[in-house]
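Student: Could we go through the strands and the nonpolar packing of this model together, one question at a time?

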Amino acid sequence: MNQKLEKVSLIPPEEPAGPGTSLGTSPPSVTPLDMLNRAVSSGADIAMIEKLMALHERWDANQARKAFDEAVAAAKKDIPPIQRNAQGHNAKKYADFAAIARVVDPIIGAHGLSYRFRTTQTDRISVTCILSHKAGHSEETTLSGPADTSGSKNAIQAIGSTLTYLQRYSLVQMLGLAAGNDDDGKASGDSEPITQEQLADLIALADDVGADKEAFCKYFNIASLADIQAKDYARAVAALNKKRAK
């Protein structure tokens with residue numbers, strides 16, 4: 001086999017300076033796929049091609065992970081407080097799985113995310129929530145618990161109750177939602193969150209003025225716009241309008 005490794009250049013050749021081109025500019029970035037294509041077309045041996053294929057796979061996986069992280073962070077900023085619609089055994093209201101899904105599903109879908117569940121059962125029931133991004137990266141978390149035999153449930157109902165409970169909590173954990181979205185931790189009434197209509201208005205205003213949502217949330221010391229309290233709503237609107245004035 002005619003070895004041409006010494007002729008394989010993994011750095012693109014310098015382009016002659018043209019109109020609007022500075023001699024001091026960096027050459028265009030080269031991806032592992034570019035390097036692999038160049039090696040194949042230049043007749044590189046199998047060992048080199050395999051190394052470049054492995055490099056491409058690692059690079060591709062890293063890019064997918066970054067896209068996943070960015071999508072989750074962006075989705076969390078858009079998820080509003082979820083209305084508590086069910087009564088718990090301890091007399092506190094909570095948001096059941098259907099209520100969470102109605103709010104969460106369209107938002108994460110708009111950011112290229114989706115979820116599914118995997119279930120196993122031995123002496124305990126285990127539910128794994130798998131959160132995936134369209135770029136290919138996925139992450140998962142698993143929660144386990146015994147069958148919920150409280151009340152007058154039969155065996156099947158006891159299993160179904162636990163499955164729904166674990167699905168709800170594993171999804172909340174996977175998305176990193178605030179506990180207030182899923183329990184009654186804020187029931188003391190010290191401060192109420194903004195309404196969904198107010199949240200929608202804030203998101204629209206932030207987009208209109210070109211605000212950096214992440215920086216805005218850091219300024220208010222909150223994880224997402226949905227965490228802004230009603231008492232701070234007017235201040236948040238004023239801060240965004242002030243950016244428009246600039």
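What follows is a short exchange on one strand, its pairing and the cores.

Tutor: This is a predicted model, in which local features need pLDDT of at least 70 and side-chain atom pairs count only at pLDDT 80 or more, while totals for chains, interfaces and linings use all residues. Residues are numbered from 1 along each chain as its sequence is written, and side-chain values use heavy atoms, with hydrogens and water left out.

Student: How many residues of strand E4 are buried?

Tutor: Strands are DSSP runs of E with at least two residues, and helices are runs of H or I with at least four, numbered from the N terminus. Buried means under 20% relative accessible area with a 1.4 Å probe, protein chains only. Ile125, Val127, Cys129, Leu131 and His133 point one way from E4, Ser126, Thr128, Ile130 and Ser132 point the other way, and all are buried. For E4, residues 125-133, the count is therefore nine of nine, by that definition.

Student: Which residue of E5 is the bridge partner of Ser132?

Tutor: Two strands pair if DSSP finds at least two bridges between them. E4 pairs with E5 (residues 138-145) in the antiparallel sense over eight bridges, and with E3 (residues 113-121), also antiparallel, over nine. On the E3 side Ser132 is bridged to Ser114, and in E5 its partner is Ser138.

Student: Which helix supplies the largest share of the largest nonpolar core?

Tutor: Such a core is a set of buried Ala, Val, Leu, Ile, Met, Phe, Trp, Tyr and Cys residues joined through side-chain atoms within 4.5 Å. The largest has 24 residues, and Val104 and Leu131 are among those with the most contacts inside it. The largest share, eight residues, comes from H3.

How values were computed:
Buried < 20%, exposed > 50% of the residue type's maximum accessible area, 1.4 Å probe, protein only.
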